[in-house]
Amino acid sequence: MRLSSNAPTTTRLGIFEACLYRSFLAIKDLGMSKYGQYCPLALAAEIFCERWNVLIIRKLIEGSSRFNDIHRGMPKITATLLSSRLNDLDYAGIISRTKLK
């Protein structure tokens, strides 16, 4: 896993807007808690304020790239829930999966 940098535009604001739009669609599709807000900050909060998501992203920023590395850093989360959260973040475009060689 790694933080996603795949965005259709090259400007920082364009990347942010594209990520938020994809996140908005993911919130609708995944059934995550949604409040119908179109404010970029509210959309970001709907993704990042889900329980465990901030800690997962922190572990990725720290350099963890494998599932077990992330899971060892957060021993109280179940493997099933971690997998679900990673899939949600991947679908929202916040992170992306890559095959390790």
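## The central core

A nonpolar core is a set of buried Ala, Val, Leu, Ile, Met, Phe, Trp, Tyr and Cys residues joined through side-chain atoms within 4.5 Å. Buried here means under 20% relative accessible area, while exposed means over 50% and partly exposed lies in between, with a 1.4 Å probe and protein chains only. The largest such core in this protein has 14 residues, and those that touch the most other members are Ile 56, Met 74, Leu 82, Leu 89 and Ile 94. Helix H3 (53-62) and helix H5 (79-92) are the elements that give two or more residues to this core. H5 gives the most, with 4 residues. In soluble globular proteins, nonpolar side chains tend to be buried together.

## About the model

This is a predicted model, in which local features need pLDDT of at least 70 and side-chain atom pairs count only at pLDDT 80 or more, whereas totals for chains, interfaces and linings use all residues. Residues are numbered from 1 along each chain as its sequence is written, and side-chain values use heavy atoms, with hydrogens and water left out.

## The overall picture

Let's step back to the whole chain. The protein has 5 helices and 2 strands, where helices (H or I, at least four residues) and strands (E, at least two) are DSSP runs numbered from the N terminus. Along the sequence they follow the pattern β-α-α-α-α-α-β.

Of the 101 residues in the protein, 33% are buried. The protein exposes about 6,800 Å², and carbon and sulfur atoms supply 57% of that area; accessible areas come from the Shrake-Rupley method with a 1.4 Å probe, and for residues only the protein chains shown count as cover. Contact means heavy atoms within 4.5 Å. Among contacts between residues at least 6 apart in sequence, 51% join residues at least 24 apart.

## Where H3 meets H5

The two helices that feed the core also pack against each other: H3 and H5 are at an angle of about 80 degrees, with their axes 11 Å apart. That makes H3 roughly perpendicular to H5, a label for angles of 65 to 115 degrees; those under 35 count as roughly parallel, over 145 as roughly antiparallel and the rest as oblique. The axes are lines fitted to C-alpha atoms, for helices over the stretch in contact, and angles run from 0 to 180 degrees between N-to-C directions.

From H3, Asn 53, Ile 56 and Ile 57 meet Leu 82, Arg 85, Leu 86 and Leu 89 of H5. The residues of this contact divide into 5 nonpolar, 1 polar and 1 charged. Here Ala, Val, Leu, Ile, Met, Phe, Trp, Tyr, Cys and Pro count as nonpolar, Asp, Glu, Lys and Arg as charged, and the others, Gly among them, as polar.

## Residues to look up

Leu 82 sits in helix H5 and counts as buried, at 0% relative accessibility. Leaving aside residues up to four places away in sequence, Leu 82 touches Ile 56, Phe 67, Ile 70, His 71, Met 74 and Ile 77. With the same kind of neighbor left out, Leu 89 touches residues including Ile 47, Ile 94 and Ile 95.

Ala 92 is also in H5 and is buried at 0% relative accessibility. Its C-alpha atom is 8.1 Å from that of Ile 47, although the two are 45 residues apart along the chain. In helix H3 you can find Leu 60, buried with a relative accessible area of 9%.

## An unusual backbone angle

Trp 52 lies in the loop between helix H2 (40-48) and H3. Trp 52 is not a glycine, yet has a positive phi of about 80 degrees. Most residues other than glycine have a negative phi. At 16% relative accessibility, Trp 52 counts as buried.
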